[in-house]
Amino acid sequence: MTSRPPGFLKGAGDFFFRFRNGLFPVAGAVLVLVSRPATFPASRPLNDLLASVGAVSALAGQSFRLMVIGYDYIKRGGKDGKVYADHLVTGGFYSACRNPMYVGNVLIVTGFALAYGSLASYLFVIPFFLFVYVAITVAEETYLSARFGAEYDEYCRRVPRILPRFGALGEALKGSRYDWRKAIRKDYGQVFQTFGLLALIGLGRAYTLEGGLSGKSTVFFAVIAAAAAAFFVVSRFLKKTNRLVSPGTRS
C-alpha cells in the first residue's frame with residue numbers, strides 16, 4: 001500500500017475540493033482589489049514579455065485539458081462535496097500522468113498570473129493555487145488508495161503523479177479516437193473562462209499602461225471577449241439540444 005500523506009494536506013485538500021469552484025473568483029477579486037495589472041516588473045518590455053509567456057501558458061493549459069478530456073474523462077464533481085470515484089480511470093492521458101487535468105490547470109493559473117503582471121499575482125496567486133492543487137491531489141490519492149487498494153497502488157507504481165511520460169502516451173493513444181464533441185461538451189465553460197479572463201486582463205493592462213481604453217489593443221481584446229462569449233452561448237445551445245452527443249453514447 002502507498003504511504004499515508006500528511007494529515008494537514010489531506011484535510012486542506014478535502015476543504016479546497018468542497019469549495020474549489022469558488023476559489024478562483026475569490027482569488028481574482030482579491031487580486032484586483034490589492035493590485036493593478038502590468039505593474040511588476042517595472043520594465044515595460046520585460047512585463048510585456050512575461051505577459052505574452054503567460055498568455056501562451058494559459059492557452060497551452062487549456063489545450064492540454066481539451067486533449068485529456070477528448071480521450072478519457074474523469075468526473076471531478078465528487079459526491080456530496082467530497083472526493084468520489086465509481087471506477088479507476090487509467091486510459092488516455094491518465095496512462096502517462098495520474099493528474100493531467102491539474103497539470104493543465106496549473107499552466108492556466110500560472111499563465112493568468114504572469115499575464116496580469118503584478119507583484120501580488122506572483123506572491124499570492126501562483127503559490128496559493130500550487131498549494132491548493134497539491135492538497136487536493138493528496139486528498140484524492142488518499143480516497144483512491146482506500147477505495148481501490150492494490151489496483152490503485154499498482155497504478156501509482158507505473159504512472160508518475162505529475163510530470164507526464166510522453167513516451168508512454170503515444171503507445172497508450174495508439175488506435176484511440178479523439179472525441180471533440182465530448183471535449184467541448186465537458187469543458188466549454190472553462191474555455192470561455194480562459195479566453196474571457198485573458199481578454200479582461202488584456203483590457204486591464206491597456207487601461208493601466210495607456211491610461212484608458214482606446215486604440216487597437218482595446219479593440220483586439222474586446223473582440224476576443226465577444227468571441228469567447230459567443231462560443232459559450234453556441235456551445236451551451238448545442239449541448240442542451242443534444243447536438244454535442246458523441247456517436248454511440250447517450251450523453
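**Salt bridges and a nonpolar surface patch**

R65 is buried, and D187 is buried as well. I start with these two residues; keep in mind that this is a predicted model.

R65 and D187 form a salt bridge, with 2.4 Å between the closest N and O atoms. This pair links distant parts of the chain. R65 sits in helix α3, residues 44–71, and D187 sits in helix α8, residues 180–210. In sequence they are 122 residues apart.

How many salt bridges does the count come to? The count comes to 9 salt bridges. I will go through two others, each within one helix.

The next pair is D14 and K10. They form a salt bridge, and their closest N and O atoms are 2.7 Å apart. Both residues lie in helix α1, residues 7–18. They are 4 residues apart, about one turn of the helix. As for burial, D14 has 29% relative accessibility, so it counts as partly exposed. K10 also counts as partly exposed, because its relative accessibility is 30%. The cut-offs that matter here are under 20% for buried and over 50% for exposed, with partly exposed in between.

Then E154 and R158. What separates the closest N and O atoms of this salt bridge? The distance is 3.8 Å, and the rule asks for within 4 Å. E154 and R158 are in helix α6, residues 150–158. Because they are 4 residues apart in that helix, about one helical turn separates them. E154 is partly exposed, at 35% relative accessibility. R158 has a relative accessible area of 43%, so R158 is partly exposed too.

There is also a network. R44, D48 and R205 are joined into one network by salt bridges that share partners.

Now the surface. Which residues form the nonpolar patch? They are V26, V30, L33, V34 and F124. Together they have about 480 Å² of accessible area. Helix α2, residues 20–34, supplies the largest share of the patch, with 4 residues.

One residue of the patch in detail: V26 is located in helix α2. Is V26 buried or exposed? V26 has a relative accessible area of 53%, so it counts as exposed.

To go over the main points again: R65 in helix α3 pairs with D187 in helix α8, and both residues are buried. D14 and K10 are paired within helix α1. On the surface, helix α2 gives the largest share of the nonpolar patch.

Note on methods
Residues numbered from 1 in each chain as written. Predicted model: local features only at pLDDT ≥ 70, side-chain atom pairs only at ≥ 80, totals over all residues. Heavy atoms only, no water. Salt bridge = Lys/Arg side-chain N within 4 Å of Asp/Glu carboxyl O. Buried < 20%, exposed > 50% of the residue type's maximum accessible area, 1.4 Å probe, protein only. Patch = residues over 30% accessible without salt bridge, like charges linked within 9 Å, V, L, I, M, F, W, Y side chains within 5 Å. Areas by Shrake-Rupley, 256 points an atom, 1.4 Å probe, with all protein chains shown as cover.
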